[in-house]
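Colleague: I should like to learn how the features of a model such as this one are to be read. May we begin with the loops and then turn to the helices and the core?

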Amino acid sequence: MTGVPASAAGGGATPVPGGNGQKQAPGGKLGAAAVNQASLWNIANILTMVRLVLVPGFVLLLLQDGGFDPVWRAWAWAAFAVAMITDVFDGHLARAYNLVTDFGKIADPIADKAIMGAALICLSALGDLPWWVTGVILFRELGITLMRFWVIRHGVIPASRGGKMKTLAQGVAVGMYVLALTGPLATLRFWVMAVAVALTVITGLDYVRQAVVLRRQGLAAERAAAESAR
């Protein structure tokens with residue numbers, strides 16, 4: 001006898017009926033909910049939140065002193081680069097260590113499009129980037145996002161190698177435009193952006209094709225299942 005109540009000695013746990021002496025934490029469902037809530041604060045989600053916080057900071061840095069100060073533009077580029085790096089790592093960490101959460105599924109694409117959209121709009125507003133370039137890229141990104149929701153009940157359109165190349169090209173091109181480059185580097189960034197726009201259009205058309213095929217296959221499967229159930 002230790003003089004400690006059994007409930008205290010067992011940490012408040014109770015035997016599971018038919019569980020061969022195994023114990024279950026009190027408030028089973030409540031405990032599970034607490035664990036799931038705690039899992040929200042994992043490294044992948046924290047990186048996503050950092051990227052969201054960086055968006056207004058990036059805009060302020062880029063537009064400081066009228067948006068043409070090379071020093072402030074360099075700081076803006078640093079913020080943009082950190083955002084792009086966290087974009088690479090948060091997705092990798094979430095998949096590699098099973099840290100995928102509902103919050104991450106929603107917040108990650110929002111953070112991606114927020115930082116890229118903010119950069120494109122600011123650069124066009126400053127006259128550094130033609131508005132049609134910003135329009136093409138934003139139209140593609142928003143359109144593909146809506147299309148994913150359109151076919152989500154039939155399946156998920158996976159990220160392609162071309163899509164990853166597009167993201168890399170966009171990040172490099174926009175980063176070069178954020179910096180106050182002159183001479184040959186200014187010419188180089190024009191061609192990098194041209195490649196990014198081309199990849200944006202090509203991969204966008206490929207996603208449209210995949211979405212149409214996926215929806216047709218899904219509808220055909222639904223019709224076949226309905227006929228077999230008769």
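Modeller: Helices here are DSSP runs of H or I with at least four residues, numbered from the N terminus. The model is a predicted one. With that convention, D65 is placed in the loop between α3 (43-63) and α4 (70-96).

Colleague: What is the phi of D65, which is not a glycine?

Modeller: D65 has a positive phi of about 55 degrees.

Colleague: Does D65 count as buried or exposed?

Modeller: The cut-off for exposed is over 50% relative accessible area, and buried means under 20%. D65 counts as exposed because its relative accessibility is 56%. For contrast in category, T167 belongs to helix α7, and T167 counts as partly exposed because its value is 35%.

Colleague: At what angle do the axes of α7 and α8 cross?

Modeller: An angle over 145 degrees counts as roughly antiparallel. The axes of α7 (residues 161-178) and α8 (residues 184-229) come within 8 Å and cross at roughly 150 degrees, and therefore α7 is roughly antiparallel to α8. The crossing of α7 past α8 is left-handed.

Colleague: Which residues make the contact between α7 and α8?

Modeller: On α7 they include G162, G163, M165, A169, V172, A173 and Y177. On α8 they include L185, L188, F190, V192, M193, A196 and L199. Sorted by class, this contact has 15 nonpolar, 5 polar and 2 charged residues.

Colleague: How far apart are the C-alpha atoms of T167 and L199?

Modeller: They are separated by 8.9 Å, although T167 and L199 lie 32 residues apart along the chain.

Colleague: How should one read the nonpolar core?

Modeller: In soluble globular proteins, nonpolar side chains tend to be buried together. In this model the largest nonpolar core has 31 residues, of which F58, F80, V174 and M193 touch the most other members. The elements giving two or more residues to this core are α3, α4, α5 (102-125), α6 (131-150), α7 and α8.

Colleague: Which element gives the largest share of this core?

Modeller: That is α5, with 7 residues.

Colleague: With which residues is V174 in contact, leaving aside its neighbours within four places in sequence?

Modeller: V174 is in contact with F80, M116, A119, L120, L123 and M193. A second, separate core has 7 residues, and I157, Y207, A211 and L214 are among them. Y207 also takes part in the contact of α8 with α7.

Notes:
Residues numbered from 1 in each chain as written. Predicted model: local features only at pLDDT ≥ 70, side-chain atom pairs only at ≥ 80, totals over all residues. Heavy atoms only, no water. Axes fitted to C-alpha atoms, helices over the stretch in contact; angles between N-to-C directions. Parallel < 35°, antiparallel > 145°, perpendicular 65-115°, else oblique. Left-handed = near helix turned anticlockwise from the far one by under 90°. Contact = heavy atoms within 4.5 Å. Nonpolar A, V, L, I, M, F, W, Y, C, P; charged D, E, K, R; others polar. Buried < 20%, exposed > 50% of the residue type's maximum accessible area, 1.4 Å probe, protein only. Core = buried A, V, L, I, M, F, W, Y, C linked by side-chain atoms within 4.5 Å.
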